[in-house]
Amino acid sequence: METAEDWETERKKQGARGWRVSTVNERFDVATSLPRYFWVPNRILDSEIRRAFSHFHQGRGPRLSWHHPAGSDLLRCGGFYTASDPNKEDIRAVESMLQAGHSDVVLVDSMDELPSLADVQLAHLRLRALCLPDSSVAEDKWLSALEGTRWLDYVRYSLTSSSHR
């Protein structure tokens, strides 16, 4: 996605209500490692985002990564600087962003070395190709080929991480 309009189209496609496209990082002055645009809760102003993201490693504050049709949201962020003062107004903005209108929130520490979205997508494509009826993998090599997709590793990482919450 290259433009703010592309991000808005994708947000609508996912059905993520309560979210909007933020342009606060358009010139990469909030975080050079984030895209120009990302999704944040509607009720959070860009000025609040700028302050709130400063409490995260490399300015990588919480933002929507994916919305499930049943209403669950997956947010991604860098590690939180624990020296931040919890009574400050911008910390309350962080809490609001993390909750994103949901009462039950699960946080996954990015330091858990979870795979990147690109890694998961590639593993999924490899798994799908392996499971097609016309797969050229010999039956006695199928389990090795499955292991080579890394799909099961990524499922294990995710389940292990979520079970510690």
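This report describes the fold, the surface and two local features of a predicted model.

## Basis

Residues are numbered from 1 along each chain as its sequence is written. In this predicted model, local features need pLDDT of at least 70, side-chain atom pairs count only at pLDDT 80 or more, and totals for chains, interfaces and linings use all residues, while side-chain values use heavy atoms and leave out hydrogens and water.

## Overall fold

The protein has 6 helices and 4 strands. These are DSSP runs, numbered from the N terminus: helices are H or I with at least four residues, strands are E with at least two. From the N terminus, the order is α-β-β-α-β-β-α-α-α-α.

Take the contacts (heavy atoms within 4.5 Å) with a separation of 6 or more. Of these, 49% join residues 24 or more positions apart.

## Surface and burial

The protein has 165 residues, and 32% of them are buried. Buried means under 20% relative accessible area, with a 1.4 Å probe and protein chains only. About 10,900 Å² is exposed. Carbon and sulfur atoms supply 53% of that area. Accessible areas come from the Shrake-Rupley method with a 1.4 Å probe; for residues, only the protein chains shown count as cover.

## Helix H2

Helix H2 covers residues 46-53. Its buried residues are Glu48, Ile49, Ala52 and Phe53. They fall within an arc of 120 degrees seen down the axis, so they line one face of the helix. The arc is that of the directions from the helix axis to the C-beta atoms.

## Arginine 11

Arginine 11 sits in helix H1 (residues 4-14). Arginine 11 is buried, with a relative accessible area of 13%. Leaving aside neighbours within four places in sequence, arginine 11 contacts Ala16, Arg17, Trp19, Arg20 and Trp39.

Notes:
Buried means under 20% relative accessible area, exposed over 50%, partly exposed in between (1.4 Å probe, protein chains only).
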